Amino acid sequence: MNNNDILIRLRYAFDIKDASMVEIFELGGMEVTKEEVQMMLKKSDEDEVGMACSNGMLDSFLNGFIIFKRGKQAPKPGQAEKPAVAIKSNENVNNIVLKKVKIALALTSEDILAILEEAGITITKGELGAVLRKEGHKNYKECGDRYVRNFLKGLALKYRD
(Lines give C-alpha, C1' and ligand atoms only; values in the text may rest on other atoms or scores of the structure.)
Protein backbone atom coordinates (compact mmCIF):
# COMPACT_ATOMS: atom_id res chain seq x y z
CA MET A 1 0.00 0.00 0.00
CA ASN A 2 1.25 3.46 -0.74
CA ASN A 3 0.74 6.52 1.46
CA ASN A 4 -2.02 7.90 -0.76
CA ASP A 5 -4.02 4.67 -0.34
CA ILE A 6 -3.67 4.95 3.44
CA LEU A 7 -4.94 8.56 3.38
CA ILE A 8 -7.87 7.61 1.13
CA ARG A 9 -8.86 4.70 3.38
CA LEU A 10 -8.56 6.75 6.59
CA ARG A 11 -10.64 9.52 5.07
CA TYR A 12 -13.31 7.03 4.02
CA ALA A 13 -13.36 5.19 7.35
CA PHE A 14 -13.94 8.38 9.36
CA ASP A 15 -15.83 10.36 6.69
CA ILE A 16 -13.36 13.25 6.89
CA LYS A 17 -14.20 16.27 4.72
CA ASP A 18 -11.60 18.24 2.71
CA ALA A 19 -11.58 21.17 5.16
CA SER A 20 -10.98 18.78 8.06
CA MET A 21 -8.16 17.08 6.12
CA VAL A 22 -6.45 20.47 5.70
CA GLU A 23 -6.97 21.16 9.43
CA ILE A 24 -5.48 17.78 10.38
CA PHE A 25 -2.39 18.42 8.26
CA GLU A 26 -2.02 21.84 9.93
CA LEU A 27 -2.33 20.28 13.40
CA GLY A 28 0.50 17.94 12.36
CA GLY A 29 2.67 20.90 11.38
CA MET A 30 2.29 20.86 7.59
CA GLU A 31 0.65 23.53 5.49
CA VAL A 32 -1.37 22.13 2.58
CA THR A 33 -4.18 23.59 0.52
CA LYS A 34 -7.56 22.04 -0.15
CA GLU A 35 -6.49 21.50 -3.78
CA GLU A 36 -3.33 19.64 -2.70
CA VAL A 37 -5.42 17.40 -0.43
CA GLN A 38 -7.78 16.67 -3.31
CA MET A 39 -4.80 15.81 -5.54
CA MET A 40 -3.45 13.40 -2.89
CA LEU A 41 -6.85 11.73 -2.57
CA LYS A 42 -7.36 11.35 -6.30
CA LYS A 43 -7.10 7.84 -7.63
CA SER A 44 -4.22 7.73 -10.09
CA ASP A 45 -5.56 7.39 -13.61
CA GLU A 46 -3.42 6.90 -16.68
CA ASP A 47 -4.27 10.42 -17.84
CA GLU A 48 -4.06 12.29 -14.56
CA VAL A 49 -1.51 11.65 -11.88
CA GLY A 50 -2.43 12.76 -8.36
CA MET A 51 0.01 14.33 -5.93
CA ALA A 52 2.18 11.76 -4.15
CA CYS A 53 1.97 11.75 -0.36
CA SER A 54 5.49 11.55 1.04
CA ASN A 55 6.41 9.76 4.27
CA GLY A 56 6.81 13.14 5.97
CA MET A 57 3.36 14.25 4.85
CA LEU A 58 1.76 11.01 6.08
CA ASP A 59 3.60 11.35 9.39
CA SER A 60 2.31 14.93 9.76
CA PHE A 61 -1.21 13.78 8.93
CA LEU A 62 -1.09 10.98 11.51
CA ASN A 63 0.30 13.34 14.19
CA GLY A 64 -2.45 15.83 13.33
CA PHE A 65 -5.05 13.04 13.43
CA ILE A 66 -4.00 12.24 17.00
CA ILE A 67 -4.40 15.90 17.99
CA PHE A 68 -7.69 16.13 16.02
CA LYS A 69 -9.16 13.16 17.89
CA ARG A 70 -7.62 13.63 21.37
CA GLY A 71 -6.78 17.34 21.63
CA LYS A 72 -3.49 19.20 21.94
CA GLN A 73 -1.28 18.07 24.78
CA ALA A 74 1.19 20.35 26.54
CA PRO A 75 4.77 19.09 26.10
CA LYS A 76 6.40 17.64 29.20
CA PRO A 77 9.61 19.24 30.50
CA GLY A 78 12.55 18.17 28.34
CA GLN A 79 10.27 16.98 25.54
CA ALA A 80 10.59 18.47 22.06
CA GLU A 81 7.79 20.80 20.93
CA LYS A 82 7.46 19.00 17.60
CA PRO A 83 7.59 15.18 17.55
CA ALA A 84 10.44 13.53 15.66
CA VAL A 85 9.62 12.04 12.28
CA ALA A 86 8.51 8.47 12.97
CA ILE A 87 8.39 7.23 9.38
CA LYS A 88 12.05 6.86 8.47
CA SER A 89 11.69 4.33 5.66
CA ASN A 90 9.01 2.66 3.56
CA GLU A 91 9.47 -0.54 5.57
CA ASN A 92 7.98 0.80 8.80
CA VAL A 93 5.06 2.84 7.38
CA ASN A 94 2.46 0.16 8.16
CA ASN A 95 3.68 -0.25 11.75
CA ILE A 96 3.54 3.52 12.33
CA VAL A 97 0.02 3.75 10.86
CA LEU A 98 -1.23 1.04 13.24
CA LYS A 99 0.45 2.67 16.25
CA LYS A 100 -0.72 6.19 15.54
CA VAL A 101 -4.32 5.25 14.71
CA LYS A 102 -4.33 3.16 17.89
CA ILE A 103 -3.21 6.24 19.86
CA ALA A 104 -5.64 8.60 18.10
CA LEU A 105 -8.66 6.41 18.81
CA ALA A 106 -7.44 5.24 22.25
CA LEU A 107 -7.75 1.60 21.15
CA THR A 108 -6.57 -1.32 23.23
CA SER A 109 -4.92 -4.39 21.72
CA GLU A 110 -8.24 -6.23 22.16
CA ASP A 111 -9.99 -3.48 20.18
CA ILE A 112 -7.49 -3.84 17.32
CA LEU A 113 -7.90 -7.63 17.33
CA ALA A 114 -11.70 -7.20 17.19
CA ILE A 115 -11.42 -4.71 14.30
CA LEU A 116 -9.15 -7.09 12.39
CA GLU A 117 -11.50 -10.00 13.10
CA GLU A 118 -14.45 -7.96 11.80
CA ALA A 119 -12.50 -7.54 8.56
CA GLY A 120 -11.86 -11.29 8.38
CA ILE A 121 -8.29 -11.49 9.73
CA THR A 122 -7.35 -13.38 12.87
CA ILE A 123 -3.99 -12.81 14.52
CA THR A 124 -2.74 -13.57 17.99
CA LYS A 125 -2.11 -10.99 20.68
CA GLY A 126 1.60 -11.86 20.51
CA GLU A 127 1.75 -11.12 16.77
CA LEU A 128 0.01 -7.79 17.34
CA GLY A 129 2.43 -6.96 20.15
CA ALA A 130 5.38 -7.67 17.85
CA VAL A 131 3.97 -5.32 15.21
CA LEU A 132 3.40 -2.54 17.77
CA ARG A 133 6.93 -2.74 19.23
CA LYS A 134 9.60 -0.14 18.60
CA GLU A 135 11.76 -0.78 15.55
CA GLY A 136 15.02 -2.34 16.67
CA HIS A 137 13.45 -4.33 19.54
CA LYS A 138 14.39 -8.01 19.38
CA ASN A 139 10.73 -9.06 18.99
CA TYR A 140 9.84 -6.32 16.46
CA LYS A 141 8.03 -7.59 13.39
CA GLU A 142 7.37 -5.64 10.22
CA CYS A 143 3.67 -5.19 9.52
CA GLY A 144 2.53 -6.35 6.10
CA ASP A 145 0.17 -4.51 3.78
CA ARG A 146 -2.51 -7.16 4.34
CA TYR A 147 -2.84 -6.30 8.04
CA VAL A 148 -3.04 -2.55 7.51
CA ARG A 149 -5.46 -2.91 4.59
CA ASN A 150 -7.77 -5.09 6.66
CA PHE A 151 -7.35 -2.90 9.76
CA LEU A 152 -8.48 0.14 7.73
CA LYS A 153 -11.31 -1.94 6.25
CA GLY A 154 -12.37 -2.96 9.76
CA LEU A 155 -12.28 0.68 10.89
CA ALA A 156 -14.56 1.58 7.98
CA LEU A 157 -16.97 -1.21 8.96
CA LYS A 158 -16.96 -0.06 12.59
CA TYR A 159 -17.11 3.72 12.18
CA ARG A 160 -19.22 4.14 9.01
CA ASP A 161 -22.59 2.96 10.32
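## Close-up views of a chain of helices

**View A. Asp 15 sits in the loop between α1 and α2.** Helix α1 is followed by Asp 15, whose phi is positive, near 50°. Asp 15 takes this positive phi although it is not a glycine. The model shown is predicted, so local features need pLDDT of at least 70 and side-chain atom pairs count only at pLDDT 80 or more, while totals for chains, interfaces and linings use all residues. Residues are numbered from 1 along each chain as its sequence is written, and side-chain values use heavy atoms, with hydrogens and water left out. Helices (H or I, at least four residues) and strands (E, at least two) are DSSP runs, numbered from the N terminus. With a relative accessible area of 44%, Asp 15 is partly exposed; here buried means under 20% relative accessible area, exposed means over 50%, and partly exposed lies in between (1.4 Å probe, protein chains only).

**View B. The whole chain is built from 8 helices and 0 strands.** Follow the chain from the N terminus and you meet its elements in the order α-α-α-α-α-α-α-α. The chain has 161 residues, and 42% of them are buried. The chain exposes about 9200 Å², and carbon and sulfur atoms supply 50% of this area. Such accessible areas come from the Shrake-Rupley method with a 1.4 Å probe; for residues, only the protein chains shown count as cover. Now think about contacts, meaning heavy atoms within 4.5 Å. Among those in the chain with a separation of 6 or more, 68% link residues 24 or more positions apart.

**View C. Helix α1 has buried residues that several other helices help to cover.** The buried residues of α1 are Asn 3, Asn 4, Ile 6, Leu 7, Ile 8, Leu 10, Ala 13 and Phe 14. Their cover includes α2, α3, α4, α5 and α8. You can also check the helix with a ruler: at 1.5 Å a residue, the 12 residues of α1 should span 16 Å, and the end C-alpha atoms are 17 Å apart, which agrees. The expected span is 1.5 Å times one less than the number of residues in the helix.

**View D. Look here at the start of α1, where Asn 2 reaches towards Asn 4.** A side-chain oxygen of Asn 2 comes to within 3.0 Å of the backbone nitrogen of Asn 4. A polar contact is a pair of N or O atoms within 3.5 Å; within protein, one must be able to donate a hydrogen and the other to accept it, and residues adjacent in sequence count only if both atoms are side-chain atoms. Asn 3 lies in α1 too, and at 8% relative accessibility it counts as buried. Leaving aside neighbours within four places in sequence, Asn 3 is in contact with Cys 53, Ser 54, Asn 55, Leu 58 and Val 93.

**View E. Helix α2 keeps its buried residues on the same side.** The buried residues of α2 are Asp 18, Met 21, Val 22, Ile 24 and Phe 25. They cover an arc of only 160° around the axis, which puts them on the same side of α2; the arc is that of the directions from the helix axis to the C-beta atoms. These buried residues pack against α1, α3 and α4. After α2 comes Gly 29, with a positive phi near 95°.

**View F. Zoom in on Ile 24, a residue of helix α2.** With 0% relative accessibility, Ile 24 counts as buried. Not counting residues up to four places away in sequence, Ile 24 touches Ile 16, Ser 60, Phe 61, Gly 64, Phe 65 and Phe 68. Ile 24 and Phe 65 are 41 residues apart along the chain, yet 5.7 Å separates their C-alpha atoms.

**View G. The largest nonpolar core holds 47 residues.** A nonpolar core is a set of buried Ala, Val, Leu, Ile, Met, Phe, Trp, Tyr and Cys residues joined through side-chain atoms within 4.5 Å. Leu 7, Leu 58, Phe 61, Phe 151 and Leu 155 touch the most other members of this core. The elements that give two or more residues to it are α1 (3-14), α2 (18-27), α3 (34-41), α4 (55-70), α5 (93-104), α6 (109-118), α7 (125-132) and α8 (145-159). Beyond neighbours within four places in sequence, Leu 58 is in contact with Asn 3, Ile 6, Leu 7, Cys 53, Ile 87, Val 93 and Val 97.

**View H. Helix α6 packs its buried residues against α5, α7 and α8.** Those buried residues are Ile 112, Leu 113, Ile 115 and Leu 116. They cover an arc of only 160° around the axis, which puts them on the same side of α6. Just after α6, Gly 120 takes a positive phi of about 100°. In the loop between α5 and α6 you will find Ala 106, a residue other than glycine with a positive phi near 55°.
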